[in-house]
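Colleague: Could you take me through one part of this chain in detail, and then set that part against the rest of the fold? I would like the local picture to come before the global numbers.

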Amino acid sequence: MPRKILVAVAWPYVNGEPHLGHIAGMNVPADIFARYHRLMGNEVAMVSGSDMHGTPTALKAAEEGVSPEVVATRYHEIWSKALSDMSFSYDLYTHTHTDRHREVSQELFLGLKENGHLSEATQSMPFSETEQRFLSDRFVEGTCPHCGHESARGDQCDNCNRTLDPIDLINIRSKRDGSTPVFKDTTHLMLKLGDFQKQLEDWVSSKTEWRANVRNQTLGILRDGLHDRAMTRDIDWGVPVPVEGYESKRIYVWFEAVIGYLSATRAWAEQRGTPDEWKKFWTEPDGESYYFQGKDNVSFHTIILPSILLGNGGLNLPTDVVANEYLNIGGNEFSKSKGNAIWVPDFLSRYEADPLRYYLASIMPETSDSEFTWEGFHAANNNELVATFGNFVHRVLTITTRNFDNAVPTPTELDDNDKAALAACDTALEEVSTAIDARRFRDGLRAAMRLARYGNQYIDTKEPWKVVKTDKESAGTSLWVGLNVISTLRTVFYPYLPTSADKIHSMLFTDSDILADGWNRRDIVASTPIGTPLPLFRKLDDSIIEEENARLLGN
RNA sequence: GGCGAUGUAGCUCAGCCGGUUAGAGCGCGCGCUUCAUAAGCGCGAGGUCGUAGGUUCAAGUCCCACCAUCGCUACCA
């Protein structure tokens, strides 16, 4: 019975290009997970899209003097291409400015209203008279009442770190034009999160296999008790609120962004001509769903999204919320403003996706922040991919084609070493499978690379390049075993390095594709022709370290 | 301030319910090999397990306090 796996990837807000920090924590693990499950024969839908309605996007548009849609669409296209160039296998990468998304968002919003989970509340907010609009907390600044810092934000003081309410700010002013806002009452619809307190507690408590940061952080929030939270905003860019009297407001962007997972699954099902297929993942009891994103997003996926789903009823809660920490560079977060960022399109103009996927998976910030360095990328590429994995594949294929007329040799009786090598293949399949299914991606990669090292040890023991001169049958058997190891490496590396796995496949086999072979050690058949071996990976010159570090400082 | 996570060899990380000389990969040193993109294999040197207490026959592994880093703290997406 195939499992039904929804791979839900966080929705980036599109006001810039993707950098390595973005993809390391969400897209890379999600794609490994999705590819693994497809190879296992499970039913997979991997969906995501661009969050078009983020405030930063609207802000950037205002700066440029164009409509938010222009900016959002521009960066959506850049993101789509970059994700595709990274070989991320989305079944659908859409965006939130579609009719389908608006309909589904409004439908769930009204569902909550009909079920009595929305309430109205009036609050006093800063209002700009010059712009005739309400200013969200990030658009006002003033003097901190606690420490006297002169440019405290509306929600928090950057100097003393205390949480603030904009009404407490001394000398409050608009960050947009410096004018002094007035405070005006505004009414919003609030989601009564408290309605779901008990259900959420029971649900999260039962999820003992979740990562510690996700589970404990959520339990901590629940322990404090949930309060109503506004689900509408005084802005004009976003999904209209489908309620009379709210024509000038929009649905809170986080509300509709997390609904994107559902609207995108439905859009995917429609596009493939099976409009009800989304239900496999969302309403059938054995549908599984995995949400990949950064550690700053946890509560939106463990509190708000589940509340929306519970409040509508009949929709599956997340099986797991896989939150990663951050990938840093130079000891800091990737930051556009500080100039220390490596952009995906730029990276891919000089290097290939697979080595990057390898390095990012090997340093994936699963338990704590990790650090991208060019030295590390260079070393991972040259010492591990080229020297260990690529070289093993290349040396076995080369010896084989040169001595056995470009075809798979016929094995004779297997000795203990041969049997151990085949057993190592099965062990690797088992270990990588267990690790990926448990969302331990670094572990899985290590287990895969262990098989490549084992292959080198085996071949060194057997010395077929030497034995072939005296005992061709014996050398042929060793190479046949080596080819089995290569075939298995193709499988266990496929989730991590899909392009390289495809290259191996096309050198070993002429029929079918990797997916058709499943998560198994496909037997190597004697006499099958083998293509000319080509290196899997390109060795990088030492000079790139200095070049890239200089480039980083220069931008 | 409150909540949460993290802190183990130069680097990236394993160490489950506490129990022989704390492990792996990469890097580094030495040796072997030369089929292979000068790639491979073997051996070895590196750690008072963030700090300071406590519990215990025994603690990296449990308890307390503290320090550092990161996230959240409900209107940043």
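Modeller: N403 is found in helix α13, a helix that covers residues 374–403. In this predicted model, N403 is partly exposed, because its relative accessible area is 27% and the partly exposed class runs between the 20% limit for buried and the 50% limit for exposed. Leaving aside its neighbours within four places in sequence, N403 is in contact with V468 and K472. A further relation involves K469, which is 66 residues away from N403 in sequence and yet 9.4 Å away in space, C-alpha to C-alpha.

Helix α13 also holds N381, and here the surroundings can be described in some detail. N381 is buried, its relative accessible area being 3%, which means that it falls under the 20% limit. If residues up to four places away in sequence are not counted, N381 touches P355, V386, R538, K539 and L540.

Helix α13 has a part in the surroundings of helix α18 as well, since α13 is included in what covers the buried residues of α18. Helix α18 spans residues 498–508, and its buried residues are P498, S500, A501, I504, H505, M507 and L508. Besides α13, the cover over these residues includes α2 (27–39), α12 (353–362), α17 (472–493) and α19 (514–517).

Two loop residues deserve a separate look on account of their backbone angles. Most residues other than glycine have a negative phi. R439 has a positive phi of about 65° although it is not a glycine, and it lies in the loop between α14 (416–437) and α15 (441–462). With a relative accessibility of 11%, R439 counts as buried. S527, also a residue other than glycine, has a positive phi near 75°, and its place is the loop between α19 and α20, the latter covering residues 543–554. Is S527 buried or exposed? S527 counts as exposed, because its relative accessibility is 52% and the exposed class begins over 50%.

Turning to the chain as a whole, chain A contains 20 helices and 17 strands. The radius of gyration of chain A is 27 Å, close to the 24 Å that the globule rule gives for 555 residues, so chain A is as compact as a globular protein of that length. Taken along the principal axes, the box filled by its C-alpha atoms is roughly 95 × 55 × 40 Å. Buried residues account for 56% of the 555 residues in chain A, and of the contacts between residues at least 6 apart in sequence, 76% join residues that are at least 24 apart.

As for the surface and the charges, chain A exposes about 23100 Å², of which carbon and sulfur atoms supply 47%. The chain carries 57 positive and 79 negative side chains, with the centres of the two sets 2 Å apart.

Finally, on confidence, the average pLDDT of chain A is 91, and 95% of the residues score at least 70. For the complex, the predictor gives an ipTM of 0.91 and a pTM of 0.94.

Definitions and conventions. Residues are numbered from 1 along each chain as its sequence is written. Chains are lettered from A and ligands numbered from 1 in the order in which they are written. This is a predicted model: local features need pLDDT of at least 70, side-chain atom pairs count only at pLDDT 80 or more; totals for chains, interfaces and linings use all residues. Side-chain values use heavy atoms; hydrogens and water are left out. Helices (H or I, at least four residues) and strands (E, at least two) are DSSP runs, numbered from the N terminus. The radius of gyration is taken over C-alpha atoms; the globule rule is 2.2 Å times the number of residues to the power 0.38. Buried means under 20% relative accessible area, exposed over 50%, partly exposed in between (1.4 Å probe, protein chains only). Contact means heavy atoms within 4.5 Å. Accessible areas come from the Shrake-Rupley method with a 1.4 Å probe; for residues, only the protein chains shown count as cover. Lys and Arg count as positive and Asp and Glu as negative; His and the chain ends are not counted. The place of a charge is taken as NZ of Lys, CZ of Arg, CG of Asp or CD of Glu. pLDDT is the predictor's confidence in each residue, from 0 to 100.
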